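Welcome! Please take a look at the structure below, and then we will go through it together.

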Amino acid sequence: MGAAIMRSVIPKLQHRVWQLSLSDRLHLAPLGPNTARTLDIGCGTGAWVLEFAAKYPHGHVTGIDLSAIQPTTTPPNVNFEISDMSATWSHPQKFDYIHSRTFAIGVNDWPKLVTNLWENLEPGGWVEFQEILSPFYCDDDTMPPALRLWNETFPVATAKVGLRLEAILGVPPLLEERGFVALGSATTKWPLGPWAKGEREKQIGAVFKSLDRDAQQWSSFRTDLELLMRSDVINALKGISMRLFTGVMGWTEDAVRQHIVEVENEIRAGGVHAYINVPVKLCRPSR
Ligand SMILES: C[S@@+](CC[C@H](N)C(=O)[O-])C[C@H]1O[C@@H](n2cnc3c(N)ncnc32)[C@H](O)[C@@H]1O
């Protein structure tokens with residue numbers, strides 16, 4: 001699969017996994033039907049923004065990202081802006097709801113961002129973080145050796161390029177210090193492969209495991225997801241590892257290729273009870 005297709009497929013895949021994770025809800029904050037002004041920080045391709053705007057047609061939704069990868073034609077109640085959310089915001093009006101999804105690890109100035117949230121949220125408004133905590137967790141002894149090595153190498157490599165995989169864990173104390181009250185927290189899991197017991201976890205696991213044409217596992221996905229399912233975590237690992245492990249860990253390209261083949265074989269062999277933790281955190285200003 002070409003790099004351009006991968007770039008377009010992976011966000012769709014992730015969006016679908018998020019839909020499954022939250023049982024097709026876009027948010028866990030208890031929003032009223034007349035939520036007027038919503039902001040999505042680090043909106044990526046804008047998939048969440050567009051769905052949210054369709055669900056709340058009487059409100060306006062702004063999506064902001066560093067990269068201009070959003071659609072150029074938008075519904076009237078949507079606008080996209082290119083900006084750094086760690087810089088001072090200059091929005092003329094405050095927001096009722098500020099949402100972010102898989103955004104935390106790239107933020108390099110959380111205290112500044114928390115100040116922005118505080119100053120740009122209406123009293124009674126909600127902030128929601130939908131995050132992933134990687135690398136893989138595993139609660140038993142089924143983590144095989146190549147995946148274990150990948151799991152140990154990835155955090156070291158990401159730290160070297162300034163990414164903090166567990167950044168979201170440090171955010172609630174900053175919010176509370178600033179005057180926010182934590183009002184809810186939920187955690188789900190993205191299993192690596194369809195090993196988990198719950199139907200929803202099985203489906204999410206299936207998205208993450210390349211099952212090629214094993215359509216029986218896929219009764220609820222089909223059509224375009226047949227394309228998505230071939231672009232799975234293994235493909236994501238290939239791209240990320242090649243850049244990171246050669247760039248900052250000194251691995252050769254051949255070593256990375258060989259390693260990913262081993263990881264892929266282990267995952268395909270099944271029985272690996274690994275998962276990514278997926279926390280959702282809700283808060284609102286105390287004022
Ligand atoms: C993993 S993507 C998630 C995209 C989207 N929220 C979703 O769930 O599909 C993270 C996004 O955050 C954006 N981002 C990271 N740091 C940012 C910053 N300081 N300001 C604005 N956007 C940022 C990146 O450009 C990227 O599009």
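Here is a short briefing on the chain, the ligand's surroundings and one pair of helices.

This is a predicted model, in which local features need pLDDT of at least 70, side-chain atom pairs count only at pLDDT 80 or more, and totals for chains, interfaces and linings use all residues. Residues are numbered from 1 along each chain as its sequence is written.

**The chain as a whole**
- The chain has nine helices and eight strands; helices (H or I, at least four residues) and strands (E, at least two) are DSSP runs, numbered from the N terminus.
- Of its 287 residues, 33% count as buried, meaning that 20 or more other C-beta atoms, placed from the backbone, lie within 10 Å of the residue's own.

**Around the ligand**
- The ligand is surrounded by 20 residues, each with its C-beta atom, placed from the backbone, within 6 Å of the ligand.
- The closest are Gly42, Gly44, Met85, Arg101 and Gly106.
- Two or more residues of this shell come from each of α1 (3-21), α2 (47-55) and β2 (60-65), and α1 gives the most, with three residues.

**Two helices that pack**
- Helix α4 (residues 145-160) and helix α9 (residues 253-269) pack at an angle of about 120°, their axes 8 Å apart; axes are lines fitted to C-alpha atoms over the stretch in contact, and angles run from 0 to 180 degrees between N-to-C directions.
- On the α4 side, the contact is made by Ala146, Leu147 and Trp150, and on the α9 side by His259, Glu262, Val263 and Glu266; here, contact means C-beta atoms, placed from the backbone, within 7 Å.

Note on methods
Contact = placed C-beta atoms within 7 Å. Buried ≥ 20, exposed ≤ 12 C-beta atoms within 10 Å, placed from the backbone.
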